[in-house]
Amino acid sequence: MKRAVATLVVLASGAMLLAACTEKPQTNAEGVKHDAVPWSGTGTQANTGTAFTAPGWKVGDKTAWEQQIKARSNGQNEYIREN
């Protein structure tokens, strides 16, 4: 009797451990969400005073946005910083 109970406990705990290791599917029920282009900014007016807007940048200015991203990435490039 003890052997049957021990076997049942081991099987039950094994099933619980396997159930804990499963992962729920990560699907988006609404479908793909398309965001706005990155250079559209965080607001509708230039220099709205948000923490995410560079001073002097105009909303919707793609070339200024690309130049700002290039300047920021140059500051993070170790090769450029060291030479």
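This passage describes the overall fold of a predicted protein model and then one patch on its surface.

The secondary structure of the protein consists of three helices and zero strands, and, when the chain is read along its sequence, these elements follow the pattern α-α-α. Of the 83 residues in the protein, buried residues make up 2%. The accessible surface of the protein was computed at about 7,800 Å², and carbon and sulfur atoms account for 59% of that area. Among the contacts between residues at least 6 apart in sequence, 7% join residues that are at least 24 apart.

On the surface, Met1, Val5 and Val9 together make a nonpolar patch of about 350 Å². One of these residues, Val5, lies in helix H1, which covers residues 2-20. The relative accessible area of Val5 is 44%, and Val5 is therefore classed as partly exposed, since this class falls between the limit of under 20% for buried residues and that of over 50% for exposed ones. The value for Val5 also satisfies the requirement of over 30% relative accessible area that applies to residues forming a patch.

Technical notes: Residues numbered from 1 in each chain as written. Predicted model: local features only at pLDDT ≥ 70, side-chain atom pairs only at ≥ 80, totals over all residues. Heavy atoms only, no water. Patch = residues over 30% accessible without salt bridge, like charges linked within 9 Å, V, L, I, M, F, W, Y side chains within 5 Å. Areas by Shrake-Rupley, 256 points an atom, 1.4 Å probe, with all protein chains shown as cover. Salt bridge = Lys/Arg side-chain N within 4 Å of Asp/Glu carboxyl O. Helix = DSSP H or I, 4+ residues; strand = E, 2+ residues; numbered from the N terminus. Buried < 20%, exposed > 50% of the residue type's maximum accessible area, 1.4 Å probe, protein only. Contact = heavy atoms within 4.5 Å.
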